[in-house]
Amino acid sequence: MSGLAYRPMREGDIAWVAEQERELHLFPWTAGNFSDALQAGYSAWLQYDGEQPCAYALMLLVVDEAHLLDLSVVRSAQNRGCGRALLDHLCERARAAGATQMFLEVRPSNTAALALYRRAGFAEIGRRKGYYPALEGREDAIVMSLPL
């Protein structure tokens, strides 16, 4: 997808990001979660399509590993390649920081995300039982990794 641009997330973006989280997820991260992550130095990004932000992501970089914590695309931009483009951008940033592997957790019920990660080359390496809150108790997480 052409015309996409990226910039680091800033404190002033948190209200918008938290609003998108509430719209996109049943169990969203809070503004405080994003603020804490920025203050801790996590790699946080906004993706723009023209003047409008269309996606955001948060990644933890530790030594030679990257851990994708959140990647979300606003509803109006879904199914247009924004998620894959943002994931590719994060992989590039992780490689530039010296990461050789990227990890993530994803809900089994999040079929769109699972498809994206599989198309990008991520492989399932395990499960975390009861990792996510769910409407009916807890949901497992599929743990995936990608060599960078």
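Throughout these legends, a residue is called buried when its relative accessible area is under 20%, exposed when that area is over 50%, and partly exposed in between (1.4 Å probe, protein chains only). The model is predicted, so local features need pLDDT of at least 70 and side-chain atom pairs count only at pLDDT 80 or more, whereas totals for chains, interfaces and linings use all residues. Residues are numbered from 1 along each chain as its sequence is written, and side-chain values use heavy atoms, with hydrogens and water left out.

**View 1. Helix α1 and its two faces.** Helix α1 spans residues 14-24; helices (H or I, at least four residues) and strands (E, at least two) are DSSP runs, numbered from the N terminus. Its buried residues are Ile14, Val17, Ala18, Gln20, Glu21 and Leu24, and these lie on the same side of α1 because they cover an arc of only 160° around the axis, an arc taken from the directions from the helix axis to the C-beta atoms. An α-helix has 3.6 residues a turn, so residues three or four places apart point the same way. The face turned away from the buried side of α1 carries the exposed residues Ala15 and Arg22.

**View 2. Helix α1 against the strands.** Helix α1 lies across β2, β3 and β4 (65-73), and runs at about 95° to β3; axes are lines fitted to C-alpha atoms, for helices over the stretch in contact (heavy atoms within 4.5 Å), and angles run from 0 to 180 degrees between N-to-C directions. The cover over the buried residues of α1 includes α2 (31-39) as well as β2, β3 and β4.

**View 3. The open sheet and its edge strand β1.** Seen strand by strand, the open sheet of 7 strands follows the order β1-β2-β3-β4-β5-β7-β6, with mixed pairing, where two strands pair if DSSP finds at least two bridges between them. Its edge strands, β1 (4-8) and β6 (123-134), each pair on one side only, and neighbouring strands of this sheet are turned by 25° against each other on average, direction ignored. Strand β1 runs antiparallel to β2 (residues 43-49), to which 5 bridges join it, and Leu4 stands opposite Asp49 in β2.

**View 4. The surroundings of Cys54.** Cys54 belongs to strand β3 (residues 52-62) and is buried, with a relative accessible area of 4%. Leaving aside residues up to four places away in sequence, Cys54 touches several residues, among them Leu4, Asp49, Val73 and Cys82. From C-alpha to C-alpha, Cys54 and Ala5 are 10.0 Å apart in space, while in sequence they are 49 residues apart.
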